[in-house]
Amino acid sequence: MKKKDTFLPSEAYSFWGPLLIIALVLIDQGTKLLALRYLKNQQDLVLIPGVLELNYLENRGMAFGLFQGKRLLLIFLCTVFFAVFLYFYIKVPKTKYYLPLILISLFMFAGAFGNFIDRLLRGFVVDFIYISLIDFPVFNVADIYVVCSGILLVLFTLLKYKDDHDFDFLKIKHTR
């Protein structure tokens, strides 16, 4: 049996996967509640002068201010992403070979879901982390999940899952 074919116990994806998502979303939502309580209508909190600040911001768009005020469009796009994620999560082989891809997708889903909750319940996403050193746009914990998992997805696709057949599991099988 190839390393690629070593299957993970079913709990690794049916129980621990959703549990990881819940934990990540709770961390994200918890930090946003703290930002709402302690940063809203307050002066920026400088943690490391010239480098890192906590700065409350209500983002009514998406990354880098895209789609400002297009709440329904953003909710629709998230719903489509969730459907694609679910399809992927069901189809991906539950083997050790694909474990990094599974974990990356769980982090990406948790980030998207954390911001989805904000859009749905508040009408905006709470952002509060500001890297003043490089004047980077204000972001939140869910954004960290999405960006880091997106970067890892690209790296793993280029470096590990580069075989022509690594993504065959996504192909729709036609029956005749």
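**Exercise 1.** Find which element gives the most to the lining of the largest pocket.

*Solution.* Start with the ground rules: this is a predicted model, where local features need pLDDT of at least 70, side-chain atom pairs count only at pLDDT 80 or more, and totals for chains, interfaces and linings use all residues. Residues are numbered from 1 along each chain as its sequence is written, and side-chain values use heavy atoms, with hydrogens and water left out.

Next, fix the terms. A pocket is an open set of points on a 1 Å grid over the protein atoms alone, where a 1.4 Å probe fits, with protein on both sides within 12 Å along at least five of seven lines; lining residues have an atom within 4 Å of a point. Helices (H or I, at least four residues) and strands (E, at least two) are DSSP runs, numbered from the N terminus.

Now list the candidates: β2 (52-59), α3 (71-91), α4 (99-121), β3 (125-131) and α5 (141-159) each supply at least two lining residues. The winner is α5, with five. In total, 31 residues line this pocket, and Met62, Ala63, Asn115, Asp143 and Val146 lie nearest its centre.

**Exercise 2.** Work out the strand order of the open sheet, and say why one side of β1 and of β3 is left without a neighbour.

*Solution.* Strands pair if DSSP finds at least two bridges between them. β1 and β2 run antiparallel, joined by three bridges; Val46, for instance, sits opposite Glu53 in β2. The full order is β1-β2-β3, with antiparallel pairing. β1 (45-48) and β3 stand at the edges with a single partner strand each, so each has one side without a neighbour in the sheet.
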